[in-house]
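Work through the exercises below with the structure open. Each task is followed by a stepwise solution.

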Amino acid sequence: MSLLLRRRSRSETRPQEAPPADKTKLAESEKPGRQLHSQQQQAKTHQMRHHPPHASEQSLNKLGLASSGSIGSSGSGGMGRRKTSAELISEAKMFLGESVGVPVPLMATGGARLVSTRRPITPRESGRVLYGKVALAGRPPSAFSMRYLQNEKPSTPRQLPALSGSGPATPMPTRNGALLCQSSTETLIELLKQHSGLKDCSDETVQHINAILQELYVRVRKQERSFKRGFILGGLYGLVECSSPRVLLAVARVVLALRVTGSNLTGACKLIFKVARHEQHDALFHEHDVLELLIDGLGHASPLDEPEACIYAYGCIRFLTASSAQERDDALNRNWIGLESSSGEGQALPIPALMPPALSAISPSLCPRKLTGQQTLVARLARHGAVELMILHLQMLNEAGATKRLQGPPLHTLYQLSAAMRALADVSQQQQRLQLQLQLACPHLIRAAEVSMGELEVQANVVRTLSVLSEDSDCCETLHNYAARIGQLLGPSCAGGGGQCSERLLAVLSRLGYMLGNILAKHESARIQYFHNDVAMEYLLNVLEQLNERSPTSVALLDAQIKLIRVVANMSVNPEVGAGLGNVRSLGAVLLQLLSKTSGELAKKKSPEQQELLHATLGALHNLCFYQDKQAAVPPLAEGSLQSLIDDLSASLAKVLGSCQTAVTKVELARVLGNLTRNERARRCFCAAGGLPLMVQQLTKQAAGQDYELRTCAIGVLVNLLGDGEQRGPFLQLRGAELLSLLLRGSLEQEDWFLANIVCQALWNLLIDGQCAANLCQSGNILDEVSDLLADYLDEERLLPGDNDDDEPEREQENVECETETDAEAHDALWEDFALVATDLLERIQNNFDRQQQSQTVVQPHADNEDDNDVFIEEM
């Protein structure tokens, strides 16, 4: 090999800024613990220019290291064409919600990352009913008759049944609006009494009755003398069985305009509920002010004294504002599943280090917008003080529940009130006033969840409302102060044991987990608060253990496990918490069992829920393993803790990786291993379980759609594994040096400086071993090729713009597609990082050749790790 001159990199010819205090410079080989660059640098590689497929793919085929076939835009292996940065950035923004201004924490400190899940499963009702399929004793029915009022004996003139006297007979005017205005109130009431008991009627009759009721309403709003109230109510009673929704709403308007209370208010609320039960009647509520009158009426009611009026009134509000809420739930989960499934079907996901699980919640704005009708009704209710009234009623119920357990109608009022508030929350994203009002309701809803403990139907509704509110950043800001208190709701919910969990209980656990996951994804103080609350942590561990004892056949069970594992994952983003969780009892055992059980179930039958649970488990392990690299395994270790199970976890990951067939899951496994193999004990256990051949296999096999991401993660694991001297010889036997050489050529041809960087670090660790270096120097071919490549691509003149006129058309096209000033700066920074590592590697290779020439006649002693330091990956 000819003597190589060291080429000066651009980093040596330019003024250098001071590096961040927390970043180790790779060029400083004197310092121990040299580390691979962070995920943020890895993400930048997806914003670089793309190039045609490189020639080294054919070399891989010749070596038998890759399947046949070139790689195109389908991304079916190799290092073929990657998407342009414009495409990738656009996809990333769409997925992460950046395009709609949703703040999403992309990177957590210390190499940990957030885990996201889809919204909890929501049962679907076939129609509008008050309570769903379950009808407990003492609940007002969803369907009712108004006839029971006929038997009431009015004790005051304010009761709904008609009074005995009706006044002298008066001539009846014809059906003419002008004549109605000229008629007395008594005449109008007599006209209505002519239709007493009316059920079915023609359109003409409906129009006539509505005209009379409208005239009555106008007079009542002008505050007619109160002595006529009973007389007016008596005339209205005979119309309550009418089949026309217009007539029923018109009757309710007059009754509410009279400012009635007690049973009359309840009757009016039932009339409105009767109409609101059917979606085809929703348009009628846009024609007049019946909703505003309903809120005014509730303002005179108490949820403790007039609970039935509140039940039916809040039921109306829920129906009228939630007709599209179910569509939103479905759309959110369809959107989430579609994005997840696409990752396994040949489409490379953008920004690998920041992709899911890496966001708190899917943006609602990605789904179809709600109907304008519902938005209008919600705005009207908000302007008229509906939310403030609901908060007031909520406070009254909470105060009553603090001294005596709620039961009967007041408890049912809480059910309907929380459901109505949840429906309002579903359309609050575009109405700032309503969002602020709902933010004030959060603490009272938490108290309501505590008050309703033991009443699963009611508590599920309250928690469901809180889970929706936790998606809003302002509400989440309020909720994060109560993270530990919310966590304490887990304990009593599962007090009966895992074997006793009902579907409703699982729904409560799922929504509690979803809400906590959202909070812990956004607020650092909440993570610390939760971890240091012994009661909340104990309840969380108990629930995870109990759920893990059940057979993973129920979708509801899987959903609850997913949400609760996400709590662990997002909590462990904090360095203090992540390190502390490593020695928490039973947590490691739970995660290890989930890893084995879920991967086994997926091998039998692919299930979206099983795959999501596996990825959530890997996300939690990813974060926890990052903090176990230097954790001293000093007895006593907590039973079932992660630190006590490092050996078993390493072997299990090797087993799962060996049997895994899904590319996206392989990437998640490689990420976990990237953090775990920073631990010396874990590296040895992983290699003892056949981990080294597995990682080489991942680099030589094509992984459809995830090939690039899988290769970068796998090379990062190799960097760690080759840090141990006993793994370098076996790696050479697996033709690892040839593989690294080919990967280096491919990455340099594509100017993928990040990938080239970590390949160089793997080669550096390999060449630390004196015997391995001597063997490679003797063969000469591999190191010659690597040296030539490095020397060529370290030449800054090769990369300066404008030095090749033939490339100008291609450059112009790239500029149109994806090249921006920011991209260019990122591209240049990645090259400089690569240049630092490559320069050191080139010097090491030259030194090895020099030693080989000097020792041709003298056998040099084994010099493992002489005067150099291993390179270990910082994070995956």
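S586 lies in the loop between α26 (575-580) and α27. The model is predicted, and the exercises begin at this loop.

**Exercise 1. Describe the backbone and the burial of S586.**

Step 1. Take the backbone. Phi of S586 is near 65 degrees, a positive value in a residue other than glycine.

Step 2. Compare with the general trend. Most residues other than glycine have a negative phi.

Step 3. Check the accessibility. S586 has a relative accessible area of 7%. The cut-off for buried is under 20%, so S586 is buried.

Step 4. Find a second case. R259 also has a positive phi, of about 60 degrees, and is not a glycine. R259 sits in the loop between α9 (245-257) and α10 (262-276).

**Exercise 2. Place S599 and list what it touches.**

Step 1. Locate the residue. S599 belongs to helix α27, residues 587-604.

Step 2. Judge its burial. The relative accessible area of S599 is 17%. That value is under the 20% cut-off, so S599 counts as buried.

Step 3. List the contacts. Leaving out residues up to four places away in sequence, S599 touches L594 and V656.

Step 4. Look at V656 in sequence and in space. S599 and V656 are 57 residues apart along the chain, and their C-alpha atoms are separated by 6.7 Å.

Step 5. Follow the side chain. The side chain of S599 reaches the backbone oxygen of S596 at 3.0 Å.

**Exercise 3. Examine helix α24: its span, its start and its packing.**

Step 1. Get the span. Helix α24 covers residues 534-548, 15 residues in total. From first C-alpha to last it reaches 21 Å, close to the 21 Å expected at 1.5 Å a residue.

Step 2. Inspect the start. A side-chain oxygen of N533 comes to within 3.2 Å of the backbone nitrogen of V535.

Step 3. Pick out the buried residues. In α24 they are A536, M537, L540, L541, V543, L544, Q546, L547 and N548.

Step 4. Name the packing partners. The buried residues of α24 pack against α20 (483-487), α21 (490-493), α22 (503-522), α23 (524-531), α25 (555-571) and α27. Helix α27 also holds S599.

**Exercise 4. Analyse three salt bridges by sequence separation and burial.**

Step 1. Recall the principle. Side chains of opposite charge can pair when their charged atoms come close. The count in this model comes to 26 salt bridges.

Step 2. Start with R113 and E668. Their closest N and O atoms are 2.6 Å apart. The pair links distant parts of the chain, 555 residues apart. R113 is in the loop between α4 (85-96) and α5 (177-182), and E668 is in helix α30, residues 663-676.

Step 3. Check burial for this pair. R113 is buried at 1% relative accessibility. E668 is buried as well, at 2%.

Step 4. Widen the view. R113 and E668 are linked with R671 and E709 in a network of salt bridges.

Step 5. Turn to R447 and E450. Their side chains meet at 3.1 Å, N to O. Both are in helix α17, residues 432-451. They are 3 residues apart, so about one helical turn separates them. R447 is partly exposed at 30%, and E450 is partly exposed at 22%.

Step 6. Finish with R684 and E726. The closest N and O atoms are 3.6 Å apart. This pair too links distant parts of the chain, 42 residues apart. R684 is in helix α31 (residues 680-688), whereas E726 is in the loop between α33 (707-721) and α34 (728-733). R684 is partly exposed at 44%, and E726 is partly exposed at 43%.

**Exercise 5. Summarise the whole protein and its confidence.**

Step 1. Count the elements. The secondary structure comes to 41 helices and 2 strands.

Step 2. Assess burial and surface. Of the 876 residues, 59% are buried. The protein exposes about 34600 Å², and carbon and sulfur atoms supply 50% of that area.

Step 3. Sort the contacts. Among contacts with a separation of 6 or more, 81% join residues 24 or more positions apart.

Step 4. Read the confidence. The average pLDDT is 76, and 67% of the residues score at least 70. Over residues 1-110 the pLDDT is below 50, and this stretch has 250 contacts in the model beyond near neighbours in sequence. Residues 159-173 stay under 50 too, with 30 contacts beyond four places in sequence.

Notes. Residues are numbered from 1 along each chain as its sequence is written. This is a predicted model: local features need pLDDT of at least 70, side-chain atom pairs count only at pLDDT 80 or more; totals for chains, interfaces and linings use all residues. Side-chain values use heavy atoms; hydrogens and water are left out. Helices (H or I, at least four residues) and strands (E, at least two) are DSSP runs, numbered from the N terminus. Buried means under 20% relative accessible area, exposed over 50%, partly exposed in between (1.4 Å probe, protein chains only). Contact means heavy atoms within 4.5 Å. A polar contact is a pair of N or O atoms within 3.5 Å; within protein, one must be able to donate a hydrogen and the other to accept it, and residues adjacent in sequence count only if both atoms are side-chain atoms. pLDDT is the predictor's confidence in each residue, from 0 to 100. Accessible areas come from the Shrake-Rupley method with a 1.4 Å probe; for residues, only the protein chains shown count as cover. A salt bridge is a side-chain nitrogen of Lys or Arg within 4 Å of a carboxyl oxygen of Asp or Glu. The expected span of a helix is 1.5 Å times one less than its number of residues.
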